[in-house]
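Please go through this model with me and show how each label follows from the computed values. I would like the reasoning set out step by step.

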Amino acid sequence: VNTAIERLSARARALNAKLSDAASTGRRSLGEANASLARLSSAFGPDHRPRPHTENPHLFVRLPVFIFFFAAELPRSFLPIYADSLYTPLGDLPRELVIALPMSAFLAVAAILTPMAGFLINRFGSRTLFLLGVVPSVLGFVMIGRAADITDLIIWRCVNAVGFAFISMASIGYIADVTERANRARGMATYLAAYVAAGVCGTAVGAILADRIGFGAVFYMSGVLALLSAMVLYASLPKVGAHAPASDGAPVSLRTLRAIFLDPHLAMLLFFIAVPAQIITMGGLFFLQPFLLQEFGNTQSEIGRVLMLYFLVIIFVGHFAASWADRWNAHRSFVLLGGLLAGLGFGALAWEPTTLMVALAAVGLGLSAAALQPAQGAVLIDLSRRVASGASPALTISMFRVGERVGGVIGPALASFLAFR
């Protein structure tokens, strides 16, 4: 009996120990839950907007940027074909130039307005500029869906470009403000990740929807999503922190602009890397390849899936490339590697133009962008702080983007002229 009682007492003591451990664990979990609720409560102040993360504030703009670029990428796979379907003679301009104009005019307007976007960042801040840019974006998308001919398409794509210029510069300006050299490529990779994730989803979804509901309806959806991006940004990005209006930098003058464009490092980055990469990407990948894939008998959905490879490669490789560039402090080496891969990637089409070779070219250009874009952004931000004129980083970056987008303007027209002459 005594033995049984001792065994029962031992089991009771063991059970009591387990209950004590469980109670301790429960108290710790409750404490952690209360702490989490406190942090969540403090994140939503009286204005009910969450405060930015202090360790990685560049992540805060990722969701609204993704939604906006998703809207912009929905028509990506069929825009050249849509322009061809709306073709009407436009003076004495050759047909191949006219069908390239919606894309080239879009990029030209975006390039022209990029300096204005840089000035507005300094005056109003990146958050306000993002919200302003949504207005012409929504208007442009809706009216493109109602376009009756190629002239309508060109005009409203130019309106679209106003919003694109403002929003892209607002996003880059915000990241430039809240990052340092040690995490600059990763900050730019955040922007690139939002863009390419939107490219993967938008290109594929837009192609499928175009097959089912038509080209015009897809543009209406883009307008709704662009409006949603403004609502998300307004709710999530408060008017505090490093993205407030800037006041530094030299006054804008011809001397300032001349110093920016004549800086040897910026000039080499622009004319030998950025512009050629834009010509190849915008002209070869986004304008010419939809026509090639259509000629090879692919459906609109299949065209979207092939072009989606470009964005998928960037997603899978871009984070590693940006991390390696930061870790090894090898931003310039990665810029050179990206430029080399751009030429090799598009050169795949010189062997034999088939659907497979188009897909390989998309993969090669994706590898190029993964290596090039984050590192180029980091180099550009670094150089913008050291321009001899004393111009603000936002102004220097915006002027560089103007020059870069010249390649995007030239690309579709050059590809159309060479392919359809």
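Q: Where is Ser 368 placed, and why is Ser 368 called buried or exposed?
A: In this model, which is predicted, Ser 368 belongs to helix H14. Its relative accessible area is 4%, and since buried means under 20%, Ser 368 is therefore classed as buried. Leaving aside neighbours within four places in sequence, Ser 368 is in contact with Gly 338, Leu 341 and Ala 342.

Q: What makes H14 largely enclosed by the rest of the structure?
A: Of the 30 residues of H14, 24 are buried, and so the helix is largely enclosed by the rest of the structure.

Q: What span is expected for helix H14, and what span does H14 reach?
A: Helix H14, residues 355-384, has 30 residues, for which 44 Å is expected at 1.5 Å a residue, and the distance from its first C-alpha to its last is 41 Å, close to that expectation. The helix nevertheless bends by about 25° at Leu 372, with the proline Pro 374 following within four residues.

Q: How do you know that the span of helix H5 agrees with its number of residues?
A: The 24 residues of helix H5, residues 101-124, should span 34 Å at 1.5 Å a residue, and because the end C-alpha atoms are 32 Å apart, the two values are taken to agree. H5 also has a kink of about 35° at Thr 114, shortly before the proline Pro 115. After H5 comes Gly 125, whose phi is positive, near 100°.

Q: What is notable about the phi of Asn 329, and where is Asn 329 found?
A: Asn 329 is not a glycine, although its phi is positive, at about 50°. Asn 329 is found in the loop between helix H12 (300-327) and helix H13 (331-347).

Q: Why is Asn 160 called buried or exposed?
A: Asn 160 has a relative accessible area of 3%, and with the limit for buried set at under 20%, the conclusion is that Asn 160 is buried. Asn 160 lies in helix H7, residues 150-178, and, not counting residues up to four places away in sequence, touches Phe 106, Pro 136, Ser 137, Gly 140, Phe 141 and Ile 144.

Q: Why is Ile 279 called partly exposed?
A: The relative accessible area of Ile 279 is 23%, and because partly exposed covers values between the 20% limit for buried and the 50% limit for exposed, Ile 279 is assigned to the partly exposed class. Ile 279 lies in helix H11, residues 264-295, and its contacts, leaving aside neighbours within four places in sequence, are Gly 284, Gly 407, Ile 410, Gly 411 and Leu 414. Ile 279 and Ala 415 are 136 residues apart in sequence, while their C-alpha atoms are 8.7 Å apart in space.

Q: Which residues form a nonpolar patch on the surface, and why is Phe 417 called partly exposed?
A: The patch is formed by Val 406, Ile 410, Leu 414, Phe 417 and Leu 418, which together have about 420 Å² of accessible area. Phe 417, found in helix H15, residues 393-420, has a relative accessible area of 43%; patch members need over 30%, and 43% for Phe 417 satisfies that limit while still counting as partly exposed.

Q: How do you know that Arg 76 and Glu 73 meet in a salt bridge?
A: The N to O distance between the side chains of Arg 76 and Glu 73 is 2.9 Å, and because the rule asks for a distance within 4 Å, the pair qualifies as a salt bridge. Both Arg 76 and Glu 73 are buried. In general, side chains of opposite charge can pair when their charged atoms come close.

Q: What makes Arg 95 and Asp 84 a salt bridge?
A: Their side chains meet at 2.7 Å, N to O, and the limit is within 4 Å. The pair links distant parts of the chain, with Arg 95 in helix H4 (residues 95-98) and Asp 84 in helix H3 (residues 79-85), 11 residues apart. Arg 95 is partly exposed at 38% relative accessible area, and Asp 84 likewise counts as partly exposed, at 27%. By this rule the count comes to 2 salt bridges.

Methods
Residues are numbered from 1 along each chain as its sequence is written. This is a predicted model: local features need pLDDT of at least 70, side-chain atom pairs count only at pLDDT 80 or more; totals for chains, interfaces and linings use all residues. Side-chain values use heavy atoms; hydrogens and water are left out. Helices (H or I, at least four residues) and strands (E, at least two) are DSSP runs, numbered from the N terminus. Buried means under 20% relative accessible area, exposed over 50%, partly exposed in between (1.4 Å probe, protein chains only). Contact means heavy atoms within 4.5 Å. Patches are made of residues with over 30% relative accessible area and no salt bridge: like charges are joined within 9 Å, nonpolar side chains (Val, Leu, Ile, Met, Phe, Trp, Tyr) within 5 Å. Accessible areas come from the Shrake-Rupley method with a 1.4 Å probe; for residues, only the protein chains shown count as cover. The expected span of a helix is 1.5 Å times one less than its number of residues. The bend at a residue is the angle between axes fitted to the seven residues ending there and the seven starting there.
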